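Got your viewer ready? Load the model below and let's walk through it, one selection at a time.

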Amino acid sequence: MISPAIAESIGRIRAIAAKEFRQLSRDRLTFGMVVGIPLALILIFGYSINFDVRDIAAGVVDMANTSGSRALVADLQATQVIHVKEHLRSPAELEAQIARGKLSVGVYVPPDYERRRLDGDRSVAQILVDGSEPTIESVVSAIASPRLSQRAGIASGTTRMIEMRTLYNPEKRTAVQIVPTLIGVILSMTMVLFTAIAIVRERERGNLELLITTPVKSTELMAGKIVPYILVGLIQTSLIIAVGRWLFDVPFSSNLLDLYLAACLFIAATLMLGLLISTIAATQFQAVQLGFFTMLPSILLSGFMFPFDGMPAGARAVAQVLPLTHFVDLVRGIALRGAPLGSMPGPLLKLCTFIAIALALAALRFRKRLD
Amino acid sequence: MNGEPAIRARGLTRKFGTLIAVNHVDLTIPRAQIYGFLGPNGSGKSTTIRMLCGLLLPTAGAAEVLGYDATREPEKLRRKIGYMTQRFSLWEDLSVMENLEFIADIFGIARVERARRLEGALAEYDLGQRRTQRAGTLSGGQKQRLALAAATLHRPELLLLDEPTSAVDPQSRRDFWESLFRLLGQGTTILVSTHYMDEAERCHRLAILDSGRVVAEGVPKTLMENIDAAVVEVESEEITAARAALTQIAAVKSVAQLGTRLHALLDPATPDPQRLVQEVFARAGVAGKVELTRASLEDVFVAATLEGRMQGEARVSRAAERVQ
């Protein structure tokens with residue numbers, strides 16, 4: 001039997017949640033963003049952000065012009081990393097084209113290529129790389145060294161000493177790595193803003209002044225405001241999973257239940273952050289600003305874009321505070337490595353700690369008073 | 001119904017930084033009456049009302065509302081009061097009916113009773129035709145009726161109305177006051193703030209607020225009879241000259257123009273104000289009819305707020321003397 005006080009309280013939470021839903025369904029802009037932002041981001045990230053670089057524009061200066069040198073160039077092109085667009089007559093012309101930005105890579109084969117090949121201790125050819133683009137440089141240097149030395153001949157067999165095998169994403173497709181973590185990025189972009197704005201808007205429009213003089217308790221108000229957005233978050237999660245599967249063949253195979261559980265935790269964390277922001281911001285504009293202020297470090301430091309291991313200690317410490325960092329850990333484990341949720345207590349615990357602290361702070365600051 | 005007053009405030013004070021918005025306000029508001037707060041913008045009307053319903057904490061002093069301490073037991077109080085904010089604070093993207101339903105649910109009005117009360121409110125406040133219309137598209141008067149309907153849905157014992165008629169036309173104002181008197185008939189105590197003299201005159205009792213202080217308090221009629229000034233009305237063709245002549249007189253505290261007439265407030269200690277003015281006019285060569293007249297509520301308001309200001313100035317000059 002539920003006590004009448006609790007029944008009343010549930011009634012009030014339900015009334016607030018129902019009202020919030022109704023307003024959400026009438027606010028076309030927000031409603032559009034619920035579906036539009038995930039779709040736009042997943043398409044942008046899925047199609048355009050590609051770390052496995054292919055067909056880099058290259059130029060060739062082949063001063064030797066022997067069957068061996070032609071084979072070398074053909075072999076480089078066969079990797080698909082570079083695409084030979086131009087044949088030039090001198091190294092100077094090659095450098096000029098790179099400087100102009102027409103070419104990103106230049107292959108220079110010296111006239112004495114055949115002699116160098118037999119010599120062994122001098123390099124046989126030179127690859128010029130436009131260093132202003134970091135990914136291109138690393139990709140080209142990776143393909144260049146073993147293949148060139150292999151071609152160079154003599155020391156064959158000893159050159160490839162270490163073999164690399166990629167687990168969990170053998171085809172090295174960026175979409176497989178990115179799309180699951182994108183759930184976290186999209187949720188942090190939208191959830192924080194939606195909740196913060198939903199509350200600040202009521203303060204700005206004077207609705208809160210009226211609500212405060214009713215028997216609604218601040219915890220009920222917070223709960224009623226949050227419930228609809230948990231649902232919105234789950235809709236967005238499902239949308240990303242569905243699009244990821246159909247368009248990018250991301251194998252969300254292993255355990256969907258674990259994935260949704262992790263998503264629920266993360267949604268809770270973002271909603272708490274939104275609540276906290278709403279207690280600080282006085283206007284919707286400030287809420288948006290504060291939302292962006294938390295979003296950028298989340299995207300940059302969470303390990304979503306840049307490897308966590310390469311960050312300085314200070315950045316790593318900041319990243320520990322961000323819920324997205326721990327969600328990225330969890331979602332990579334679940335969606336890519338097939339790890340059960342329970343096998344990752346570290347990030348799980350950190351995410352729960354964040355929720356608890358943010359909830360406590362928000363509840364402390366969320367007063368039913370105007371001052 | 002008992003003899004206890006609905007509101008009793010003692011030394012109610014609220015500061016915002018260095019600004020004293022409400023300064024030691026004492027109030028005793030009897031039950032089942034309409035009590036008015038009359039004062040210019042920034043006189044502390046809204047801040048006082050907000051403290052009385054527990055929206056703001058007083059810096060000093062205390063208020064007992066319907067037997068509850070307004071600052072310590074606001075939750076208990078909230079079921080018994082209805083509050084209408086100065087600005088329309090219902091949801092503009094919800095319909096009339098949806099707004100009322102939401103408020104009813106918040107107050108935990110049971111389903112069957114809810115339907116009955118909602119229909120009653122729609123009929124009472126003439127909103128039946130508008131039930132599916134979004135609140136944002138209503139006219140000023142309709143919005144105000146909806147706000148009153150929402151504020152009274154839970155049958156509050158005390159209704160606090162913060163400048164409810166500042167954004168509506170005269171006909172809507174009349175209708176609104178009719179509704180207030182109907183609520184009064186049902187035993188509701190009403191506290192209403194306004195800056196309209198005609199509305200203030202309709203109240204049973206009245207407090208005139210100026211710069212956060214209560215500068216006059218009482219029944220409007222008594223306030224007008226016991227005004228602390230002599231009121232002289234001048235009718236003249238040469239209104240500018242008459243005005244100039246009046247302001248020369250030391251005993252004249254204020255002059256206000258009403259069409260072709262001038263209303264002057266004189267120091268009550270003046271022996272024969274009418275003759276004094278006539279003599280000054282004669283000397284200045286101004287033709288005009290001079291009469292002693294009964295004070296209006298506006299005269300009471302001007303006299304009361306003037307006093308406050310002069311006392312303030314006197315305090316400043318005394319302080320300056322002490323410094324020297």
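The tour covers confidence, then the contact between chains, then a pair of helices.

Start by colouring chain A by pLDDT, since this is a predicted model. Its mean pLDDT is 82, with 86% of the residues of chain A at 70 or more. Now select helix α10 (residues 256-280) of chain A: confidence in chain A is highest here, at a mean of 92. Helix α6 (residues 134-152) of chain A is where it is lowest, at 60. Next, pick residues 151-161 of chain A, where pLDDT stays under 50. For that stretch the model has twelve contacts beyond four places in sequence.

Next stop: the place where the chains meet. Select the 20 residues of chain A that are in contact with 23 residues of chain B. On the chain A side, α1 (4-26) and α8 (207-212) each supply at least two residues. Which helix gives the most? That's α1(A), with eight residues. Colour this side of chain A by residue type and you'll find six nonpolar, six polar and eight charged.

Finally, hop over to chain B and show helix α3 (residues 96-106) with helix α4 (residues 111-124). Their axes are 11 Å apart and the helices pack at an angle of about 135°, which means α3(B) is oblique to α4(B). The crossing of the two is right-handed. Turn on side chains for B:L100, B:E101 and B:A104 in α3(B), and you'll see them meet B:R114, B:R117, B:L118 and B:A121 in α4(B). The residues of this contact divide into four nonpolar and three charged, with no polar ones.

Conventions. Residues numbered from 1 in each chain as written. Chains lettered and ligands numbered in written order. Predicted model: local features only at pLDDT ≥ 70, side-chain atom pairs only at ≥ 80, totals over all residues. Contact = placed C-beta atoms within 7 Å. Helix = DSSP H or I, 4+ residues; strand = E, 2+ residues; numbered from the N terminus. Nonpolar A, V, L, I, M, F, W, Y, C, P; charged D, E, K, R; others polar. pLDDT = per-residue confidence, 0-100. Axes fitted to C-alpha atoms, helices over the stretch in contact; angles between N-to-C directions. Parallel < 35°, antiparallel > 145°, perpendicular 65-115°, else oblique. Left-handed = near helix turned anticlockwise from the far one by under 90°.
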